[in-house]
Amino acid sequence: MSKKSCLNCGHSISGEFCAHCGQKADTARITIYSLIKNDILGSIWHVETKFLHTLKNILFRPGTTAMDYISGKRIRYNNFISLLLILFGFNVLTYHFYRKFAPPEELTDDVLDMMNFISKYSKTILFVIIPMLAFNAYFLFKRIKLNIAEHFIIGTVSLLGILILFLLSDIVSLIGLWKPVEKIFNIIDKILFGLSILFPAITYWTAFKNSYSKPGLLWRVSVLYVLMVLEGTVISLILYEIF
C-alpha cells in the first residue's frame with residue numbers, strides 16, 4: 001500500500017483513516033456537491049442512524065447492549081450519559097405539553113401531587129436510581145466480576161430504557177386526549193407503564209442469563225427490586241421531610 005501524510009496531523013497513513021488523529025485520508029477539495037453530500041446530509045444521517053440504533057438496542061436488547069458496551073463495542077452506540085440527558089429533556093417537554101392540554105378532570109389532586117413531586121425532584125431521582133442499581137447489583141451479581149463503574153453502565157442502560165418508555169407513554173397520553181381513541185391509548189399507556197416497571201428486571205436478566213440459572217437470576221432480580229423499593233421509599237421520605 002502506498003503511504004501518504006495526513007493533512008491534519010502530518011502522520012503517515014496507508015488506510016482510509018489516519019491512525020493518529022482519525023481524519024479521513026481522502027480530504028479532497030471542498031465543493032458544493034461534497035459539502036451537501038458529506039458534511040450536511042452525511043452528518044445528519046450518521047447522527048440520526050446512530051441515535052435510533054442506540055435507542056432500538058436499548059429498548060429491545062438492553063442487557064446485551066450494556067454488556068457489549070462494557071466489552072468494548074462502543075463506536076456503534078451514542079454516549080449513554082449524553083443520551084440520558086437528551087431523553088430527560090424530551091420527557092420534561094412532553095410532560096409540560098400533557099399538563100397543558102389535559103382536561104381538568106384528569107388532573108386530580110393525587111395526580112397533580114405526584115406530577116409535582118416528580119417534576120421537582122426529577123434530577124435527584126435521575127442521579128440516584130443509577131447508583132442504587134449499580135451498588136445493589138454489584139453485591140447481588142458478584143460472580144460476574146464487574147466493577148462498580150461497569151455496573152453503573154448497566155444501571156444507566158436500565159434507566160435509559162425506562163425514560164424511553166416514559167417518553168412513549170407521554171406521547172400516547174397526549175394522543176389519548178383525543179376522545180375517539182381514548183380507550184385504546186389508555187390501555188397502551190398502562191402496558192408501557194408496566195414495561196417501565198419491569199425494565200430493570202429485563203435488563204439484568206438479558207445481561208446475565210448465560211451466567212446464572214433461571215432460579216438464581218429470579219431470586220437475585222427479586223431481591224434487587226425489594227432493595228430498590230426500600231431505598232426509594234427512604235429517599236422519598238427524606239425529600240418530603242427536608243423540602
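These are my notebook entries on a predicted model of one protein chain.

**Entry 1: overall layout**

I began with the secondary structure. The protein chain has seven helices and two strands. Read along the sequence, the pattern is β-β-α-α-α-α-α-α-α. I then looked up burial and found that 33% of the 243 residues in the protein chain are buried. The accessible surface of the chain comes to about 15,400 Å², and carbon and sulfur atoms account for 67% of that surface. For contacts with a separation of 6 or more, I noted that 62% join residues 24 or more positions apart.

**Entry 2: nonpolar cores**

Which residues have the most contacts inside the largest nonpolar core? I found L87, F141, Y204 and F208, in a core of 34 residues. Helix 1 (32-60), helix 2 (62-71), helix 3 (80-101), helix 4 (109-140), helix 5 (148-175), helix 6 and helix 7 (214-242) each supply at least two residues of this core. Helix 5 gives the most, with seven residues. I also recorded a second, separate core of seven residues, which includes I162, L165, V181 and F199. As a general note, nonpolar side chains tend to be buried together in soluble globular proteins.

I took L87 for a contact list. With neighbours within four places in sequence left aside, L87 is in contact with L55, L160, L163, I164 and L167.

**Entry 3: P62**

P62 lies in helix 2. I list P62 as buried because its relative accessible area is 1%. Which residue, 95 places away in sequence, has its C-alpha 6.5 Å from that of P62? The residue is V157. V157 is also among the contacts of P62, together with N57, F199, I202, T203 and T206, leaving aside neighbours within four places in sequence. Of these contacts, F199 came up earlier as a member of the second core.

**Entry 4: nonpolar surface patch**

I next looked at the surface for nonpolar side chains. I184, I187, I188, I191, L195, L198 and I202 form a nonpolar patch there, with about 580 Å² of accessible area together. I checked I191 from this patch and placed it in helix 6 (residues 182-208). I191 counts as exposed because its relative accessibility is 51%, and the cut-off is over 50%. Another member of the patch, I202, is also one of the residues in contact with P62.

**Entry 5: salt bridges**

How many salt bridges does a search of the whole structure find? It finds two. In one, the side chains of R61 and D68 meet at 3.8 Å, N to O. R61 counts as partly exposed because its relative accessibility is 32%, whereas D68, at 11%, counts as buried. In the other, the side chains of E182 and K179 meet at 3.4 Å, N to O. K179 is exposed, with a relative accessible area of 54%. As a general note, side chains of opposite charge can pair when their charged atoms come close.

**Entry 6: buried charges without a salt bridge**

I then looked up two charged residues, D189 and R220, each buried yet without a salt bridge.

D189 is found in helix 6. The nearest side chain of opposite charge is K190, 6.6 Å away. A salt bridge needs a nitrogen within 4 Å of a carboxyl oxygen, so at 6.6 Å the pair D189 and K190 is not counted as one. Leaving aside neighbours within four places in sequence, I listed S169, V172 and S173 as the contacts of D189.

R220 is found in helix 7. Which side chain of opposite charge is nearest to R220? E231 is the nearest, and I noted it as 16 Å away. R220 touches L140, F141, R143 and Y212, not counting residues up to four places away in sequence. F141 in this list is one of the residues with the most contacts inside the largest nonpolar core.

**Entry 7: K145**

The last item was a backbone angle. Phi of K145 is near 60 degrees, a positive value in a residue other than glycine. I placed K145 in the loop between helix 4 and helix 5. Is K145 buried or exposed? K145 counts as exposed because its relative accessibility is 73%.

Terms used. Residues are numbered from 1 along each chain as its sequence is written. This is a predicted model: local features need pLDDT of at least 70, side-chain atom pairs count only at pLDDT 80 or more; totals for chains, interfaces and linings use all residues. Side-chain values use heavy atoms; hydrogens and water are left out. Patches are made of residues with over 30% relative accessible area and no salt bridge: like charges are joined within 9 Å, nonpolar side chains (Val, Leu, Ile, Met, Phe, Trp, Tyr) within 5 Å. Accessible areas come from the Shrake-Rupley method with a 1.4 Å probe; for residues, only the protein chains shown count as cover. Helices (H or I, at least four residues) and strands (E, at least two) are DSSP runs, numbered from the N terminus. Buried means under 20% relative accessible area, exposed over 50%, partly exposed in between (1.4 Å probe, protein chains only). A nonpolar core is a set of buried Ala, Val, Leu, Ile, Met, Phe, Trp, Tyr and Cys residues joined through side-chain atoms within 4.5 Å. Contact means heavy atoms within 4.5 Å. Lys and Arg count as positive and Asp and Glu as negative; His and the chain ends are not counted.
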